[in-house]
Amino acid sequence: MDKRSLLFLCTGNCCRSPLAEAIARHVAGDRFEVHSAGALPAGYIHPLTLAVLDAMGIARDGLTSKSWDAYVDRPIDIAIMLCPFASAAGPRAFPGDGVKVDWPTTDPSMHDGDVNEQLEMTHHLANRLRLKIERLAALDLDRLTRDQLRDELEKLADL
């Protein structure tokens with residue numbers, strides 16, 4: 001089976017989507033070509049993301065904050081929107097017959113608490129994303145129709 005393309009999208013592409021990208025590469029890099037991007041890229045990867053990835057022992061090499069404009073002309077098999085803004089403003093579709101779903105998450109970098117609370121929130125988010133991505137990687141994508149895949153991915157949003 002060829003690798004499927006997997007794209008995580010959020011607003012700034014500095015916290016949530018690069019976290020998901022790094023986790024997906026770690027957990028399922030053998031099955032997916034993994035990317036992340038944002039509507040309004042911040043231009044950096046947030047220190048919370050870097051700290052949590054380091055604590056999890058997950059490589060963060062090559063993570064950059066980039067615009068989703070780089071992907072609108074590329075076939076994407078699965079696009080996962082991690083924030084409401086990205087979902088509302090994002091590309092309605094990518095070339096090909098890909099599936100787009102929402103996995104809404106809270107941005108830990110925008111949490112009003114102190115840095116320790118933000119870090120705890122980022123760890124919690126990372127663990128939730130890892131669980132979802134592990135379940136995604138376990139799906140038999142060759143046996144699922146496009147609609148079945150969307151249904152399975154939407155179920156994962158609630159984990």
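**Close-up 1. Where helix H2 meets helix H4.** In this predicted model, Leu48, Thr49, Ala51, Val52, Ala55 and Met56 of H2 are in contact with Val115, Gln118, Leu119, Thr122, His123, Ala126, Asn127 and Arg130 of H4. Sorted by character, the residues of this contact comprise eight nonpolar, five polar and one charged. H2 covers residues 47–56 and H4 covers residues 115–138. Their axes come within 9 Å and cross at roughly 60 degrees, which makes H2 oblique to H4, since that angle is neither under 35 degrees nor in the range of 65 to 115. The crossing of these two helices is right-handed.

**Close-up 2. Helix H1 packed on helix H2.** Now let us turn to another neighbour of H2. Here the axes of H1 and H2 lie 10 Å apart, at an angle of about 20 degrees. H1 is therefore roughly parallel to H2, as angles under 35 degrees count that way. H1 passes H2 in a right-handed crossing. On the H1 side, the contact is made by Leu19, Ala22 and Ile23; on the H2 side, Thr49, Val52, Leu53 and Met56 take part. Six nonpolar residues, one polar and no charged ones make up this contact.

**Close-up 3. The largest nonpolar core.** This core holds 45 residues. Those with the most contacts inside it are Leu6, Phe8, Ile80, Trp103, Leu129, Leu136 and Leu153. Both strands and helices give two or more residues to the core. The strands are S1 (4–10), S2 (32–38), S3 (78–81) and S4 (99–102), and the helices are H1 (16–28), H2, H4 and H5 (146–156).

**Close-up 4. The surroundings of phenylalanine 8.** Zooming in on one residue of the core, which partners does Phe8 touch, leaving aside residues up to four places away in sequence? They are Ser17, Ala20, Glu21, Ala24, Val34, His35, Ser36, Ala37, Ile80, Leu82, Trp103 and Ile133. Two of these partners, Ile80 and Trp103, are listed with Phe8 among the residues with the most contacts inside the largest nonpolar core.

**Close-up 5. Serine 67 and its contacts.** Our last stop is a loop residue: Ser67 sits in the loop between H2 and S3. Ser67 and Gly38 are 29 residues apart in sequence, yet their C-alpha atoms are 5.0 Å apart in space. Not counting residues up to four places away in sequence, Ser67 touches Ala37, Gly38 and Pro41.

Notes
Residues are numbered from 1 along each chain as its sequence is written. This is a predicted model: local features need pLDDT of at least 70, side-chain atom pairs count only at pLDDT 80 or more; totals for chains, interfaces and linings use all residues. Side-chain values use heavy atoms; hydrogens and water are left out. Axes are lines fitted to C-alpha atoms, for helices over the stretch in contact, and angles run from 0 to 180 degrees between N-to-C directions. Helices (H or I, at least four residues) and strands (E, at least two) are DSSP runs, numbered from the N terminus. Angles under 35 degrees count as roughly parallel, over 145 as roughly antiparallel, 65 to 115 as roughly perpendicular and the rest as oblique. A crossing is left-handed if the near helix is turned anticlockwise from the far one by less than a right angle, and right-handed if clockwise. Contact means heavy atoms within 4.5 Å. Ala, Val, Leu, Ile, Met, Phe, Trp, Tyr, Cys and Pro count as nonpolar, Asp, Glu, Lys and Arg as charged, and the others, Gly among them, as polar. A nonpolar core is a set of buried Ala, Val, Leu, Ile, Met, Phe, Trp, Tyr and Cys residues joined through side-chain atoms within 4.5 Å. Buried means under 20% relative accessible area, exposed over 50%, partly exposed in between (1.4 Å probe, protein chains only).
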